[in-house]
Amino acid sequence: MKCVICCVFTCIIIPCLAYKTHLNGTLQFTSVENIVWVTDSDPEFDLHTKVGRTISDVLDLKIDQVNDRLCNEIKKDLSIVDSCQISHDELKVKLRDSYLLDKLDEMEKDERLSVGKLTNEKVVVDYFSPNVGKMLHMGHIRSLVIGQSLSNLLEFSGSKVCRRNHVGDFGLQCGILMRYLMEYDVRMMEALEVESLPRDRAIKEERKYFGFKIPEMEEDYRERTLHLPLPTFSDNLILSTVDSYYKLACNKFTEDEEFCRRARHEAMLLQNSKSQGQKQWEKLRNTCVGHYEDMAYFYYMDGLKTIPESYYKNVADELISKLVRENKAREEGKEVLVNIPGLYRESEEQEDLDDLDGEESEAAESEDSDSVNKAVLRTAEGSLTYMATDLAALSHRVSWNKPDRVIYVTESNQRPHFKKLYKIAKKLDMLNGCKVEHVGFGQVRLEGAGKLRSRSGSKCSLVDITKQVVKLVGDEIVKRGDYLELKRPLLSRKIGVGSMIFSDLSVERHSGYNFSLERLMNQGNNGLIAILYAYVRCLSLLKKTEQLEPLEKREFRNASERNLGRSLLGFENTVLSAVATREPHRVCRYLRALCKAFSRFYEDTQVIEDGKAYSLSVRLVKLTSRVIEEALKILNIQPVQHL
């Protein structure tokens with residue numbers, strides 16, 4: 001609620017500065033919402049603050065003395081403040097109605113709803129990033145929706161955003177999977193090479209897999225069955241089986257040392273395009289990448305550009321050669337590594353990587369130990385490592401996109417990797433002033449099934465869950481009987497996908513949560529439904545008042561109307577705080593509060609009376625619809641016109 005809070009914040013903080021000393025240094029680490037906040041539990045006052053407690057602790061003054069002086073200073077601004085009261089260690093402030101109405105006028109006239117632009121930075125946001133050969137799970141959707149909403153927030157705040165999906169198609173898992181297929185399932189290798197597989201056999205194999213009974217006579221088979229085109233067959237087979245093959249391959253990799261050695265060698269061959277199964281691997285990779293892009297499209301993730309790890313192969317080779325020539329990297333046999341003294345040193349300055357530099361090292365070794373300070377870029381087998389491709393990608397982005405900031409959105413357990421990546425890039429002078437952030441998030445668990453991972457054996461993939469949610473939403477629409485069959489798929493997709501996005505973003509990103517399909521489909525637990533209802537009601541009211549004569553009355557008629565106006569003015573502070581903290585859940589929390597305020601307004605306030613419409617009420621309804629629409633756009637949720 002920045003447009004309201006800033007004025008009172010000024011009234012509070014400027015008097016605080018009269019105390020001088022090191023007070024500024026204390027307050028700069030306190031978020032605005034912790035200094036001044038709004039609550040609906042107190043109908044008499046709008047703003048609350050306990051900043052007096054901070055001043056009292058820092059300057060060793062009595063809390064009563066501090067609050068008395070603050071209260072007197074706040075009361076001087078009669079154009080904004082109506083009254084101020086002290087309650088224990090808390091100051092309560094009521095704003096003038098005229099001030100709220102003026103701010104609502106400004107908000108209505110501004111196409112950005114009074115939300116100022118914070119920055120003109122160019123930002124690269126790296127998110128989603130699935131690995132080829134692994135099933136998409138709920139952790140991927142968490143990265144996808146947090147990354148997309150964060151990108152939307154940054155764009156809305158004035159940044160130019162480049163969205164990147166860094167698909168893992170170059171790691172050791174590729175060699176493990178392909179080596180297993182080459183050695184243990186020749187038929188799958190044939191299926192991956194579509195051109196060489198006879199059409200009749202392809203159809204048989206597909207139907208066997210999906211449970212069809214194959215007639216003994218070929219002629220009978222041809223007459224009684226429908227033929228699917230070969231590309232559909234091959235893609236379906238790959239997507240249906242690749243995760244199971246990957247689990248089998250990982251088990252073999254763990255148990256068999258000889259297979260482990262062959263898999264590492266195969267990864268090197270694939271990276272250098274020398275594998276016997278290169279053609280089949282490219283088919284598998286392209287099918288999986290296409291599937292990932294289809295899933296992002298189904299969730300309305302516009303603007304996300306897929307650039308796989310393999311794209312940076314030449315960049316990584318050139319970077320390693322350059323580092324070796326400049327003695328910034330060294331060769332130990334066939335292995336190439338960089339050695340950064342004090343890689344985990346605690347005394348490094350922290351500005352760029354989300355306070356990672358200041359973290360206490362968890363390494364038991366001394367800071368001069370090679371095991372702590374070295375990072376392998378190329379293995380003894382000749383394969384590029386995860387660190388090498390990430391350094392190459394970062395180097396390419398810095399030189400090509402020229403960003404002011406690069407943001408990685410991944411699970412929090414990958415934080416040490418990006419800490420190391422940042423420090424290596426900084427020591428090697430690769431950043432050119434570019435800042436690097438890691439936005440971590442907690443794990444997602446399927447209720448009753450533990451962590452959702454591609455190695456867990458769970459059959460509940462992201463695709464399965466999404467299809468089930470959309471189907472259940474569609475069935476509910478059919479029960480209501482409000483829509484024609486032609487409209488049902490689009491509406492069920494919007495509501496189903498939107499419900500999953502809102503459910504995920506409502507959770508504070510550092511926290512994990514248990515995903516429950518039953519809870520999601522329960523209207524009382526689905527927060528998006530209430531928001532969509534409020535939005536549809538706004539549109540309905542606006543349509544009814546289009547041709548009505550306005551009743552001009554520039555004052556709030558009841559407490560519900562005033563509370564809605566105050567809630568609308570909180571949109572600016574919500575956006576700014578969500579951008580500053582990289583926490584989209586703040587927008588979800590604000591939307592819930594706004595729709596609750598609108599619901600009270602809808603019940604308590606008569607917008608139309610005797611064929612005329614109260615102009616202030618209509619303006620509040622219009623502003624509510626605009627704010628909901630803009631907030632849903634930030635969250636990447638599609639609004640609906642009817643519900």
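Arg-592 sits in helix α25 (residues 585–604). Helices here are DSSP runs of H or I with at least four residues, strands are runs of E with at least two, and both are numbered from the N terminus. Arg-592 is partly exposed, with a relative accessible area of 40%. Buried means under 20% relative accessible area, exposed over 50%, and partly exposed in between (1.4 Å probe, protein chains only).

The model is predicted: local features need pLDDT of at least 70, side-chain atom pairs count only at pLDDT 80 or more, and totals for chains, interfaces and linings use all residues. Residues are numbered from 1 along each chain as its sequence is written, and side-chain values use heavy atoms, with hydrogens and water left out.

Arg-592 touches Phe-502, Ser-506, Gly-527 and Ile-531, not counting residues up to four places away in sequence. Contact means heavy atoms within 4.5 Å. Ile-531 is 61 residues from Arg-592 in sequence, yet their C-alpha atoms are 6.9 Å apart.

**The chain as a whole**

The chain has 26 helices and 18 strands. Of its 643 residues, 52% count as buried. Among contacts with a separation of 6 or more, 78% join residues 24 or more positions apart. The chain exposes about 30,500 Å², and carbon and sulfur atoms supply 48% of that area. Accessible areas come from the Shrake-Rupley method with a 1.4 Å probe; for residues, only the protein chains shown count as cover.

**Nonpolar cores**

In soluble globular proteins, nonpolar side chains tend to be buried together. A nonpolar core is a set of buried Ala, Val, Leu, Ile, Met, Phe, Trp, Tyr and Cys residues joined through side-chain atoms within 4.5 Å. The largest one holds 137 residues. Leu-284, Phe-515 and Phe-571 have the most contacts inside it. Helix α26 (residues 615–635) gives this core its largest share, 11 residues. Another core, of 35 residues, lies apart from it. Its members include Met-387, Ala-393, Val-406 and Ile-424.

What does Leu-284 contact beyond its neighbours within four places in sequence? The partners are Val-132, Leu-177, Leu-181, Leu-192, Ile-238 and Val-242.

**Three helices**

The expected span of a helix is 1.5 Å times one less than its number of residues. The end-to-end distances below run between end C-alpha atoms.

| Helix | Length | Expected span | End-to-end distance |
|---|---|---|---|
| α8 (172–184) | 13 residues | 18 Å | 18 Å |
| α13 (257–271) | 15 residues | 21 Å | 21 Å |
| α19 (462–480) | 19 residues | 27 Å | 27 Å |

In α8, the buried residues are Gln-173, Cys-174, Gly-175, Ile-176, Leu-177, Met-178, Arg-179, Tyr-180 and Leu-181.

The buried residues of α13 include Phe-259, Cys-260, Ala-263 and Glu-266. Asp-256 caps the N-terminal end of α13, with a side-chain oxygen 3.0 Å from the backbone nitrogen of Glu-258. After α13 comes Ser-273, whose phi is positive, near 60°.

Helix α19 buries Leu-462, Val-463, Ile-465, Thr-466, Val-469, Val-470, Val-473, Gly-474 and Ile-477. These residues pack against α7 (138–156), α14 (278–298), β13 (444–446), α20 (488–505), β15 (513–515) and α21 (517–521).

**Two buried polar side chains**

Arg-493 belongs to helix α20. Is Arg-493 buried or exposed? Arg-493 is buried, with a relative accessible area of 14%. Leaving out residues up to four places away in sequence, Arg-493 touches Tyr-297, Phe-298, Tyr-300, Val-470 and Gly-498. A polar atom of the Arg-493 side chain lies 3.1 Å from the backbone oxygen of Phe-298. Lys-467 is 26 residues away from Arg-493 in sequence and 9.1 Å away in space, C-alpha to C-alpha.

Gln-148 lies in helix α7. Gln-148 counts as buried, at 1% relative accessibility. Its side chain makes a polar contact of 3.3 Å with the side chain of Asn-636. A polar contact is a pair of N or O atoms within 3.5 Å; within protein, one must be able to donate a hydrogen and the other to accept it, and residues adjacent in sequence count only if both atoms are side-chain atoms. Beyond four places in sequence, the contacts of Gln-148 also include Tyr-127, Arg-163, Tyr-300, Met-301 and Asp-302.

**Cysteines**

A disulfide is counted when two cysteine sulfur atoms lie within 2.5 Å. The count comes to 0. The sulfur of Cys-71 has its closest cysteine sulfur in Cys-84, at 3.2 Å, too far for a bond. Cys-71 is buried, at 5% relative accessibility. Cys-250 is buried too, with a relative accessible area of 10%.
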